[in-house]
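Colleague: I've got a model open and I'd like to learn how to read it. Can we go through it together?

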Amino acid sequence: MRSYHYNMFNIGDIVKSKKGHDAKRYYIVIKNNIVEAGSSYVLLSDGCIKKLENLKKKNIKHLLLVESNNELAEKISNKDISNKEISDVIKTLIGGINV
């Protein structure tokens, strides 16, 4: 896993939080390229706690890229993805419940 210091996360990327109360939790990037007050952010969903209806805003310097997923990116871009699908992708990746 590598850490990005510039806004290089893409929609559909699977990331892991490395700072904050949600440290070690996995998410999927739903929206990227958000810049506020000189910092770059992305909007994330885990399909359980942070659902598509209530996305998590996270500074990119607090994230690690786990995996890029073009299939997810396409579904997200087409607005053809559900919270269950996001949750299932993360559970499959980590082999269990998202911490």
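Colleague: Which residue follows helix 1, and what is the sign of its phi?

Modeller: Helix 1 is followed by Lys79, with a positive phi near 55°. Helices here are DSSP runs of H or I with at least four residues, strands are runs of E with at least two, and both are numbered from the N terminus. This is a predicted model, where local features need pLDDT of at least 70, side-chain atom pairs count only at pLDDT 80 or more, and totals for chains, interfaces and linings use all residues. Residues are numbered from 1 along each chain as its sequence is written, and side-chain values use heavy atoms, leaving out hydrogens and water.

Colleague: What caps the N-terminal end of helix 1?

Modeller: Asn69 does: one of its side-chain oxygens lies 3.1 Å from the backbone nitrogen of Glu71.

Colleague: Which residues of helix 1 are buried?

Modeller: Buried means under 20% relative accessible area, exposed over 50%, and partly exposed in between (1.4 Å probe, protein chains only). In helix 1, residues 70–77, the buried ones are Leu72, Ala73 and Ile76. They span an arc of only 100° around the axis, so they sit on the same side of helix 1; the arc is taken from the directions from the helix axis to the C-beta atoms. Asn70, Glu71 and Glu74 are exposed on the other side.

Colleague: Where does Lys57 lie relative to Tyr41?

Modeller: A charge sits over a ring if NZ of Lys or CZ of Arg is within 6 Å of the ring centre and within 35 degrees of the ring normal. Lys57 lies over the face of Tyr41, 4.8 Å from the ring centre.

Conventions: A polar contact is a pair of N or O atoms within 3.5 Å; within protein, one must be able to donate a hydrogen and the other to accept it, and residues adjacent in sequence count only if both atoms are side-chain atoms.
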